[in-house]
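Biologist: Pick one part of this predicted model and take me through it slowly, then work outwards to the rest of the chain. Please give me your cut-offs as you go.

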Amino acid sequence: MESVIDRACAAALYAEGDAALDTGASLLAAAPDADDEAHRRGEEFVRRAWERGWHPADLVRFVRRELDERRAALAGTLIAAETARYPELPPRWRQQIAELEPPVERNRPDRFSYAADLLELYRVLLRLPAIEPVGPPPGAAADLHRPPAADEPRMLTRIRALLAKAEATGFPEEAEALTTKAQELMARHTIDEALLAARTQSRETPGACRIGVEPPYESAKAVLLDAVASANRCRAVWNEDLAFSTVVGFEPDLEAVELLFTSLLVQGTTAMTRAEAGQRAGGRKRTKTFRQAFWMGYAQRLGRRLTADAERITAEADTGTSTTGAGGGLLPVLAARDVAVADTAERMFPRTTTTRLRGVSDLAGWTHGTKAADRARVGGGSHRPDGEITT
């Protein structure tokens, strides 16, 4: 005999429209004894998402985009319940789950509305596409990445502290100095890791992570993430439809990209808000074009700054290895790692395309964006109001 949840799902999940959803919700609302089974069905849909390559943050972001914040919080509740069954989770999974909203209380505001929310969420979960996996799903296999170096947590803590200060300060020059120092630490840590791996003949291979790139102005933000990834010896591939980029690289570099990109978004948003307020005080009203141009100018200029800094630090480090008797062996080591990253990215994404983004039309926004980038980073270089990105 069919259970209530089977009948509710049959009514609501495989037909479009509110009428089908209302029928399923009415069945669930009238059967309090089916609540546990309804939630177990949701956890099953979440488990299928892991098998299709999704991670907790990806899933919540997608539900928020397709539905709303309320259903995204409900998805987080199911995720927390489903992942609690595993004795161990990869570090990124633990971090993403720790950042979920508090669990949603059942049957609020009323049984029918709650049941409708569940079933509408299940519609989305049922139709999730398969995406490129970045690591095994929980419970499938042990995490094969190398354990962190002894100094890695301390180094990351120091970088986080520098970037937090850069985000909080009201003085552009101080933010510039702090962000520059953080990027230098990241670059030197990458070099140290590369030399250590070469000396110990490490078998570590590149991994991948996904980073959300959400509207508004997502194309400019994707350009910014691509620049941060390239400067830290990674490759970024943007999936516009699913609002994320997959970044491929060695683990220390992936961590650096996540930290710096998040911080630069915060710094950029603060600078844009300040610049926009000045524009409005002068009588300007066209805010959308100003913001789009600001983010593109910010991303383009920062890309050149980051690249110049990375090249300078690498050259200095290579000279240092020569003078200390290492024979200038850094550049071949880094080149080998770059090849490994490129090969991994091409295997994961054999059909990527390079998209040229259109030029911006708001000179004031572009100018403010490039000035904000100069405050966040240092260095010279030319610029142009367009860009390219791998998708």
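Modeller: Let's start at the hairpin of β2 and β3: four residues lie between the two strands, and A243 takes a positive phi near 60 degrees there. Before going further, some housekeeping: residues are numbered from 1 along each chain as its sequence is written, and side-chain values use heavy atoms, with hydrogens and water left out. This is a predicted model, where local features need pLDDT of at least 70, side-chain atom pairs count only at pLDDT 80 or more, and totals for chains, interfaces and linings use all residues.

Strands and helices here are DSSP runs (E, at least two residues, for strands; H or I, at least four, for helices), numbered from the N terminus. Two strands pair if DSSP finds at least two bridges between them. β2 and β3 pass that with five bridges, in the antiparallel sense, and W238 stands opposite S245 in β3. S245 turns up again on the β1 side, as the bridge partner of I211. β1 and β3 (residues 244-249) are antiparallel too, over six bridges.

Put those together and you get an open, antiparallel sheet of three strands in the order β1-β3-β2. β1 (207-212) and β2 (235-239) are the edge strands, each with a single partner, so one side of each has no neighbour in the sheet. On average, neighbouring strands are turned by 25 degrees against each other, direction ignored. For angles like that, axes are lines fitted to C-alpha atoms (for helices over the stretch in contact), and values run from 0 to 180 degrees between N-to-C directions. Helix α13 (residues 330-348) lies across β1, β2 and β3, and runs at about 140 degrees to β3. Contact means heavy atoms within 4.5 Å.

What about cysteines? With a disulfide taken as a pair of cysteine sulfur atoms within 2.5 Å, the count comes to zero. C209 is in no disulfide, and the nearest cysteine sulfur, that of C234, is 7.7 Å away. C209 counts as buried because its relative accessibility is 2%; the bands are under 20% relative accessible area for buried, over 50% for exposed and partly exposed in between (1.4 Å probe, protein chains only). C9 is buried as well, at 3%.

Now step away from the sheet to helix α3. This helix has 17 residues and reaches 25 Å from its first C-alpha to its last, close to the 24 Å expected at 1.5 Å a residue; the expected span is 1.5 Å times one less than the number of residues. Its buried residues are D35, A38, H39, R41, G42, E43, F45, V46, A49 and W50. They pack against α1, α2 (18-29), α4 (56-66), α5 (69-83), α6 (91-98) and α7 (111-126). After the helix comes G53, with a positive phi near 100 degrees.

R41 deserves a second look, since its side chain meets that of D6 in a salt bridge at 2.8 Å, N to O. The rule is a side-chain nitrogen of Lys or Arg within 4 Å of a carboxyl oxygen of Asp or Glu. This pair links distant parts of the chain: R41 sits in α3 (residues 35-51) and D6 in α1 (residues 4-12), 35 residues apart. R41 is buried because its relative accessibility is 18%, while D6 is partly exposed at 29%.

Helix α12 (residues 287-323) has pairs within one helix. R312 and D309 lie three residues apart there, about one turn, and their side chains meet at 3.9 Å, N to O. E316 and R312 are four residues apart in α12, again about one turn, with a salt bridge of 3.4 Å, N to O. D309 is buried at 5%, whereas R312 is partly exposed at 32% and E316 is partly exposed at 40%. Elsewhere, salt bridges that share partners join D68, R70, R71, D117 and E120 into one network. The full count is 23 salt bridges.

To finish with the whole chain: the secondary structure comes to 14 helices and five strands. Buried residues make up 49% of the 391 residues. Among contacts with a separation of 6 or more, 79% are between residues 24 or more positions apart.
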